[in-house]
Amino acid sequence: MTDNKDKLTQERNVSWRVELRNSVPAKDRTAIPRVKMTEVEPQDRIKSQTCEVNCGLSSEQAVIEARRCMDCVNPTCIEGCPVSINIPKFVKQIEAQKFLDAAATLKEYSALPAVCGRVCPQEKQCELRCFYLEKMKKEPVAIGYLERFAADYERQSGKIQIPKVAAGNGIKVAAIGSGPSSLSFAGDMIKLGYEVTVFEALHEIGGVLKYGIPEFRLPNSVVDVELENLRGMGVNFEKNFVVGRTASFEDLKELGYKAFFVGSGAGLPNFMNIPGENLNGVMSSNEYLTRVNLMYANQSDSDTPVMLGKRVAVIGGGNTAMDAVRTSKRLGAERSIIIYRRSLEEMPARLEEIKHAQEEGIEFMNLASPIEYKPDANGRVAKARLQRMQLGEPDASGRRRPVPIDGDIVELDVDLVIVAIGVSPNPLIPACLPGLKMTRYGTIEVNEETMQSSVPEIFAGGDIVRGGATVILAMGDGRRAAACMHRYLQEKYVK
Amino acid sequence: MLVELAGIYSLLHCRLLSGMKSLRLWLTGMNKIIEKYNLSENVAKFIIEAPMIAKSRKPGNFVILRVGEKGERMPLTIVDSDIEKGTITLIVQNVGVSSGKLCKLEAGDFITDLVGPLGKATHIHKAGTILALGGGVGIAPLYPIVKAFKQAGNRVFTVLAARSKDLIILENEMREWSDEVVVMTDDGSSGRKGLVTEGAEEFIKREKIDECVAIGPAIMMKFCALTTKKYDIPTQVSLNTIMVDGTGMCGACRVTVNGETKFTCIDGPEFNAHQIDFDELLQRLRAYKTEEDQAKSKK
């Protein structure tokens, strides 16, 4: 840790950074207002599933925003980042208009900067720990916007730099699943000289980045460029490969794989087990979003169908619920309604997503929870019976518990219901590794510092360890697992 | 020359299978259609190169495949496999857009995506006397189960049923692994005229049946289940629900078994027939009827 501090101080003291710091008085920096990102107008963006809502920053905007950063002696923002990006360094590179250098800095720490700049909840991470917010009670530096800017600038410049990798050490390792935790793991291991293969069960690489998060938040083309980057570094990808089914761990060990990182995620959708939940027209958010985002069911030349609804109810209050409800609006719903059992304040979705949803005409029905669905004559869902709630005492999560109001039941006309109440860990990997220690929640038990499981050569991270969490936490796990697996393999096979 | 090449090729394959080459090489050339046979006007049999699936699969497992970049993910049961040649056998009936696209492929073509083996394998054991009931193209997924039960030392009676002669497939193969085979057709064009349940009841009345397995259209399985329930014979069916990913991720394939929601792709596809809510299953199979009809008329 002190090594890292020394390195940061050393980098902070290079002459160009000292000059840059001294070139603008601190009070001029703090007088600059935080940049506002341009957004496509709601009435235009809801016409398309692929039109990205946030437009990104111009070079001019980025330089001005970067100027706000004080280049702190003790940059607390870094502590707020799960992958510990050297934030002041890349921000100051943007201020100095060395945009490609800023992109290179990001890639030292993160395998997916263009993704994280878009989907990280920065308000709960790096930006929450910004000097502006902590010490001056002002709006923090827009670190997420700047990260996105640098990554987008590099992509659009056509001068994509492939990060340097160490000479190959001939040791084969595998990542299972190709979501954010595995990609981050793979990026770090390839830099350390390992031979890395990422195994994916679906026909596309990217996990939730492809099947889950819609294109209006994260274009698939942006994800693909980041994947090309990993391919360029030498990461090998195997699609249509279910580890444990297509080949067993034993088979892979015979092929020379010395260690495994399990990043198979929490893909198993939860249902509420209420009457009528298996009616046609009731589906999981995973099914709905997969049909649209991965299978392009909304496009006329796709063979995969998706059910359309005029009155769509989405059950839940997280980011997935927001993604599903906003997708339904884009697919032509007249009414798209969020049904959430607590109040607006308790919603786990990002504030930005809730704001965007509201602008797009999404209706919010808070303090209500479905208790039954009723069919029409054709057996398709037609009505949702909703129990009204009020907030009681805080529960274990610290949020006020929703309590049913006796007898207060309303009926809502619906023809499509999307259930987005959370996911459970995918049981495929644990099922084929009986020796692996699991928690009672069905997640893999790991040492929290090393991400190593009860089977020494198996490390794990992301949602298979945490249950449903965020992209950047998954990436942080991948990084930690890579560092610790490196130590484990060096001790076992090199020394 | 060709023979020589084939020899080198299979030698190479064995080496690859024993792990002497890198996995990269091992996977190259996968999903190639080696042979294709048209079993009838609308039913085709494919021998596909998929060495790892061939090695790992067990009776009852299925694959998901996709034809073309905008293709749909479609589940199909693995009918047979040849570990030495590294191939699997699939049989598909042309009933819609995706199966139509697959049926148009010929030997030498590649299947865009192929993943498996998926689903739980059939519980094969020595039970005594097995009654196997296959309806239409459901005869294909029934075949590996009949073969495995026979190899496990059971007596196997098989009833093959379909609308007409054209749709009775694998009759010779079934005879090879069954002690007795009865063929039933709706129109009497092959075997006897009548329904699968009539053929089943004849065996049930004649012999003590220890277990039954039925695979075919949902409505056929429903009536098989009602029949065997009457005689209290434990019965397994293999469900053909709508699927998307086939790995437990979406729940499109959910079904009510004994009052609980199960996912066919990971909890099944085989379930205790007497516990299934068949009416719900039939309803859910019709979920995309309008879209399917539209797609068919478009292409």
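In the predicted model, B:Leu133 stands opposite B:Ala214 of strand β12 in chain B. The two residues belong to a parallel pairing: β8 (residues 129-135) and β12 (residues 211-215) of chain B are joined over five bridges. This pairing is part of an open sheet of seven strands. The strand order in chain B is β11-β10-β9-β8-β12-β13-β16, with mixed pairing. At the edges lie β11 (192-193) and β16 (270-272) of chain B, each of which pairs on one side only. Helix α7 of chain B, spanning residues 196-206, lies across β8, β9 (155-162), β10 (180-185) and β11 of that chain. Relative to β9(B), helix α7(B) runs at about 160°.

Strand β3 of chain B covers residues 62-66 and is mostly covered, with five of its five residues buried. In a regular strand, side chains alternate between the two faces of the sheet. In β3(B), B:Phe62, B:Ile64 and B:Arg66 point one way. B:Val63 and B:Leu65 point the other way. Both sets are buried, B:Arg66 included. Two antiparallel partners of β3(B) were identified. Four bridges join β3(B) to β4 (residues 74-77) of chain B in the antiparallel sense. Here B:Phe62 stands opposite B:Thr77. Strand β7 (residues 113-118) of chain B also runs antiparallel to β3(B), again over four bridges. In that pairing B:Leu65 faces B:Leu114 as its opposite residue.

The loop between β3 and β4 of chain B holds B:Gly68. This glycine is partly exposed, because its relative accessibility is 26%, above the 20% limit for a buried residue. The C-alpha atom of B:Gly68 is separated by 43 Å from that of B:Arg155, with the two positions 87 residues apart along the chain.

Chain A contributes to the largest nonpolar core, which has 98 residues. In soluble globular proteins, nonpolar side chains tend to be buried together. The core members that touch the most other members are A:Ile87, A:Phe90 and A:Ile94. The largest share of the core, nine residues, comes from helix α21 (residues 471-494) of chain A. Beyond four places away in sequence, A:Phe90 touches A:Ile85, A:Ala102, A:Thr105, A:Leu106, A:Ile143, A:Leu146 and A:Glu147.

Helix α5 of chain A, residues 59-68, was examined next. Its buried residues are A:Ala62, A:Val63, A:Glu65, A:Ala66 and A:Arg68. An α-helix has 3.6 residues a turn, so residues three or four places apart point the same way. The cover over the buried residues of α5(A) includes α3 (26-31), α7 (87-95), α8 (99-109), α10 (131-136) and α11 (143-157) of chain A.

Aromatic pairs number 10 over all chains. The rings of A:Phe199 and A:Tyr257 have centres 5.9 Å apart and planes at 70°. The pair is edge-to-face because that angle is over the 60-degree cut-off. A:Phe199 lies in β2 (residues 195-199) of chain A and A:Tyr257 in β4 (residues 257-262) of chain A, so the pair ties together parts 58 residues apart in sequence. Both A:Phe199 and A:Tyr257 are buried. A:Phe459 and A:Tyr488 form another edge-to-face pair, at 5.9 Å centre to centre and 65° between the planes. A:Phe459 belongs to strand β15 (residues 458-460) of chain A and A:Tyr488 to helix α21 of chain A, so this pair links parts that are 29 residues apart in sequence. A:Phe459 and A:Tyr488 are also buried. A:Phe99, A:Phe149 and A:Tyr153 form one aromatic cluster.

The disulfide count is zero over all chains. For A:Cys51, the closest cysteine sulfur is that of A:Cys55, at 7.4 Å. This is too far for a bond, because a disulfide requires the sulfur atoms to lie within 2.5 Å. A:Cys51 is partly exposed, with a relative accessible area of 22%. A:Cys130 is likewise in no disulfide; the nearest cysteine sulfur belongs to A:Cys77 and is 6.6 Å away. A:Cys130 counts as buried, because its relative accessibility is 7%, under the 20% limit.

How values were computed
Residues numbered from 1 in each chain as written. Chains lettered and ligands numbered in written order. Predicted model: local features only at pLDDT ≥ 70, side-chain atom pairs only at ≥ 80, totals over all residues. Heavy atoms only, no water. Pairing = 2+ DSSP bridges. Contact = heavy atoms within 4.5 Å. Axes fitted to C-alpha atoms, helices over the stretch in contact; angles between N-to-C directions. Buried < 20%, exposed > 50% of the residue type's maximum accessible area, 1.4 Å probe, protein only. Core = buried A, V, L, I, M, F, W, Y, C linked by side-chain atoms within 4.5 Å. Phe/Tyr/Trp six-rings, centres within 6.5 Å; stacked < 30°, edge-to-face > 60°.
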